[in-house]
Amino acid sequence: MYWLRRWSVRHSRALEATYQLMERCLLGIAPAVSRIGHSRLEKPVAAVEKVVKGALFDCQMCGQCVLSSTGMSCPMNCPKSIRNGPCGGVREGGFCEVKPEMRCVWVEGWQGAANMQNGAQIATVQFAVDHRLKGHSSWLRVMRMKTAELADTADIARTAHSDSSQLIADTSSQLSRKHGTTAGEDRE
Ligand code: SF4
């Protein structure tokens, strides 16, 4: 729904906060989701996502959501599917070159980003659409990516901790060997 899509852009700040909260909730339930299996949940979650985001953003289920970097304006509604827009044909008043009755999704996105806490992300260069992900749930994808990121960070922290513990152990053993030698030399 075009009017609802525009409403979402006007309320981008509130939606950004909702998404941040949702991300924390998704991370909270990630272990349970892993136990059930992402592949089992793919269809039902994608169906819910399609309804919710379809209503709010006219989501086309590209499977690699970038709303948080595009001012809550879905770039897949651009008739040219430009993920790094706008094109050079924006009409006077910010209207689309191809659909003159529609506002350019990137003009909308720029206004939405201006209201957002992390609105500067609109400057991030987006990858081309991976059509293999079409129809898949972005929510589950984000959950998988964030969980993997957290696991990597925990691994790095564990490795750094064990390296520093090893270094401390090596240093103290070298010091005690040195002190032992010195004490021996003193007794001679
Ligand atoms: S960027 Fe993709 S997943 Fe996000 S709202 Fe648009 S079509 Fe849907």
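Where in the chain does Ser 81 lie? In this predicted model, Ser 81 belongs to the loop that runs between α3 and α4. That loop also holds Met 72 and Pro 86, and it is a useful place to return to once the overall fold has been described.

The secondary structure of the chain consists of five helices and zero strands, so that the pattern read along the sequence is α-α-α-α-α. The radius of gyration is 26 Å, well over the 16 Å that the globule rule gives for 188 residues, and the chain is therefore more spread out than a compact globule. The C-alpha trace spans about 100 × 40 × 30 Å along its principal axes. Of the 188 residues, 22% are buried. Among contacts with a separation of 6 or more, 67% are made by residues 24 or more positions apart.

The largest nonpolar core contains 17 residues, and those with the most contacts inside it are Phe 57, Leu 67, Met 72, Cys 74, Cys 104, Val 105 and Trp 106. Helix α4, residues 105-114, supplies the largest share of this core, namely three residues. Leaving aside residues up to four places away in sequence, Cys 104 touches Pro 86, Val 90, Gly 94, Phe 95 and Cys 96.

The surroundings of the ligand come next. Around the ligand are Lys 53, Phe 57, Cys 59, Gln 60, Met 61, Cys 62, Cys 65, Val 66, Leu 67, Cys 74, Met 76 and Ser 138. By character, this shell divides into nine nonpolar residues, two polar and one charged. Phe 57, Leu 67 and Cys 74 appear both in the shell and among the core residues with the most contacts.

The loop between α3 and α4 can now be examined for its backbone geometry. Most residues other than glycine have a negative phi, and most peptide bonds are trans. Met 72 has a phi near 65°, a positive value in a residue other than glycine. Ser 81 likewise has a positive phi, near 50°. What is the burial state of each? Met 72 is buried because 29 other C-beta atoms lie within 10 Å, where 20 or more are required. Ser 81 has 13 other C-beta atoms within 10 Å and is therefore partly exposed. Pro 86, in the loop between α3 (38-57) and α4, is joined to Gly 85 by a cis peptide bond with omega of about -5°. Pro 86 is also one of the residues touched by Cys 104.

Methods. Residues numbered from 1 in each chain as written. Predicted model: local features only at pLDDT ≥ 70, side-chain atom pairs only at ≥ 80, totals over all residues. Near = placed C-beta within 6 Å. Nonpolar A, V, L, I, M, F, W, Y, C, P; charged D, E, K, R; others polar. Core = buried A, V, L, I, M, F, W, Y, C linked by C-beta atoms within 7 Å. Buried ≥ 20, exposed ≤ 12 C-beta atoms within 10 Å, placed from the backbone. Helix = DSSP H or I, 4+ residues; strand = E, 2+ residues; numbered from the N terminus. Contact = placed C-beta atoms within 7 Å. Rg over C-alpha atoms; globule rule 2.2 N^0.38 Å.
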